[in-house]
Amino acid sequence: MKRLYFILAFTVFGINAFGQKTNDQKASELLSKMTLEEKIGQLVQYSGFEYATGPQNSNSANVLNEIKQGKVGSMLNVAGAQETRKFQELALKSRLKIPLLFGQDVIHGYRTTFPINLGQAASWDLKLIEKSERIAATEASAYGIHWTFAPMVDIARDPRWGRVMEGSGEDTYLGTQIGLARIKGFQGKGLGNLDAIMACAKHFAAYGAAVGGRDYNSVDMSLRQLYETYLPPFKAAAEAGVATFMNSFNDINGIPATANQYILRDLLKGKWNYNGFVVSDWGSIGEMVPHGYAKDNKEAAEKAIIAGSDMDMESRAYMAELPNLVKEGKVDPKLIDDAARRILIKKFEMGLFDDPYRFSDEKRQKEQLNNLENRKFGREFGSKSIVLLKNEKNILPLSRSAKTIALIGPFGKETSANHGFWSVAFKDDNLRIVTQFDGIKNQLDKSATLLYAKGANIDDQDRSMFAEAVETAKKADVVIMTLGEGHDMSGEAKSRSNIRFSGVQEDLLKEIAKTGKPIVLMINAGRPLVFDWAADNIPTIVYTWWLGTEAGNSIADVLFGTVNPGGKLPMTFPRTEGQIPVYYNHYNTGRPAKNNTDRNYVSAYIDLDNDPKFPFGYGLSYTQFKYSDMDLSSINLTGNQTLNISVNVTNTGNYDGEEVVQLYIRDLVGKVVRPVKELKGFQKVFIKKGETKTVTFILTPESLKFYDDELNYDWEGGEFDIMIGTDSQNVQTKRINWKK
Ligand code: BGC
């Protein structure tokens, strides 16, 4: 800390403690040489031409020309040592030779893909998550990438929204911790290191609350809700030094996020004192025209720059309109300077002015082509992301010498789909993926047989393969059914109103169930699905999300018990779509139902139980954990005291295993109503069979704070329930009184 002060003291005049210019100083010097057009150029970002992640308007010849003229600051979707070098060479032909920044969506891995982010969140394992981003950054930076558009830290309570796959689920606390782990992983030991890439907290803000779960839709909510539920992961990201922020597409209470002065200028850059830069989302500046917030691109550019959007991704509004807006006096040139400075500083921090090609290194790229260590990690991470939902008859783990296993379902031999939604398509994808069939086959004893039948396509009405699948099942001792939704049925612009198994897969399952064979149901999905019939009738269910390059191996490791599953749901699983949004940390209402069947003028549906199918935090293990002796250091506390909470967790089953011990609180009476439960801590512990571990948590008044109706952030004295348990429903409770 002392050293930091020392350095700060000497950086006031732009010279640091070692007599060198700071990046800020270097950016100022450069800015003083730049024309208005060149400064605006730094605010422009285009997509490459081979791979687009949005509706593309750019004409490639024009873009290449503009790069040469210094009119482009950044490209996205240009990757590979050779390709990035080619573009960088063009930028270095410009008058001031300012290098380009290369951005890409490195979302759940890069060359080695990992579980989709919601699956990763199910691991509740911050170390694994951080490491996965470290690997992703190392691989991506070797392909010339400087910047990832991740992490997505949008809290989401609506599984119809396709982008839940890219986030960490419904909980603000868990989502914040995971967001921080990701940023740490991406940015590594700091920008400027060759294996560190700039991270981007997105989508600012409240994108996850789109009305009806329909992507890009409006968001209307109280500021209190915004502050309490949706902003904390962003605030934490800003404090942790995330290099960039990205706007969201939605409007918030009538004002598009892209031109929302309150959240960008006043909050992010003002109150939070954030000094990175803000990139628009793809085309979101221009989209303020259809939004009805700007009459044309010119007005959109004006509103966006004034609000605090620094870089224009693919709208072509800044380059076309800002020069005139400045000349006409509608935009203060200081705003252009500020935006350009923020971007230039990042380029200095990345070391691009020292060597613009330092990330475009074919040798490094080759080393990351098929990095076996990374794959090994991917295999482990995949298995740790799987959630065991049911194992009533202890069919799992399977024996490797089971005589005949039938793998049935449209996902058994899927190849590149296992990468999930956000993966950059490499040409050799199909060859690199471990399919579910191969993963299982590789682990079976030679004496055992693995049969396969597709049974149905992912999403059509074709039942012609049912008969063959039934015959295959009849020949087997155990059937593994692999069902779900397509990998491209979640993700951006992939909202669904019906979130069940797609096509005729459920009917296939019913047909196979009639054979009476034991079934292990494996569900592949990018969101919580509704699968009531299966949940009620199939005794063994594992949720495998989309697991990435090593999918088949990760799955087989769990099915055969090399890995004892320990994942827990990061989102509530609804009973039907009609129950959405359903989340664990709701308010109590004045008429809470006493139980699931209570319909007596209470807050309930007359045709549906209130509780979800599977609660937040839920997940089983092959072993059992018993919680006992919950102990509090005191039940009467005052002021800034600390509460120590401990509980004994005993592994009473037959396998070693990991358990995520969860701590929730409830503030019983508040100035504003408080949720029935709020996650305040969790610990993932490995416990050997027969062993007991004492798990402890420390709570301080900081954890009791909340936003009141005037957005004051503080805590109130009173009664609190302290709850510890294995999921958000199954908890032990003790009441305390904490005086202020
Ligand atoms: C998405 C962003 C993404 C960007 C660039 C947009 O459509 O909303 O999350 O980073 O495209 O691919």
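Let's start with the runner-up: in this predicted model, the second largest cavity has a volume of about 80 Å³. Who lines that space? The walls are made by Met-34, Glu-38, Gln-42, Ile-67, Gly-70, Val-72, Ala-91, Ser-94, Leu-96, Lys-97, Ile-98 and Leu-100. Sorted by class, that lining has 7 nonpolar, 3 polar and 2 charged residues.

Now step back to the full set. The count comes to 4 cavities of 30 Å³ or more, and the largest of them holds about 110 Å³ of space. Its lining has 14 residues, and those closest to the centre are Thr-53, Asp-105, Asp-281, Trp-422 and Glu-492. By class, the lining of the largest cavity splits into 7 nonpolar, 2 polar and 5 charged residues.

What takes up the largest cavity? That's where you'll find the ligand. There are 13 residues around the ligand, and the ones that come nearest are Thr-53, Asp-105, Arg-163, His-203 and Asp-281. This shell divides into 6 nonpolar, 2 polar and 5 charged residues.

Zoom in on the ligand's oxygen atoms and a few side chains stand out. Asp-105 places a polar side-chain atom 2.5 Å from a ligand oxygen. For Arg-163, an N or O atom of the side chain is 2.6 Å from an oxygen atom of the ligand. Lys-202 also has a polar side-chain atom 2.7 Å from an oxygen atom of the ligand. How much of the ligand's accessible area does the protein cover? On its own the ligand has 310 Å² of it, and the protein covers 99%.

Terms used: Residues numbered from 1 in each chain as written. Predicted model: local features only at pLDDT ≥ 70, side-chain atom pairs only at ≥ 80, totals over all residues. Heavy atoms only, no water. 1 Å grid on protein atoms, 1.4 Å probe; cavity = no way out; pocket = protein on both sides within 12 Å on 5 of 7 lines; lining within 4 Å. Points joined across faces, edges and corners; volume = space filled by probe spheres on them. Nonpolar A, V, L, I, M, F, W, Y, C, P; charged D, E, K, R; others polar. Near = heavy atom within 4 Å. Polar contact = N/O pair within 3.5 Å; in protein donor to acceptor, adjacent residues only side chain to side chain. Areas by Shrake-Rupley, 256 points an atom, 1.4 Å probe, with all protein chains shown as cover. Sits in = over half its atoms within 2 Å of the grid points.
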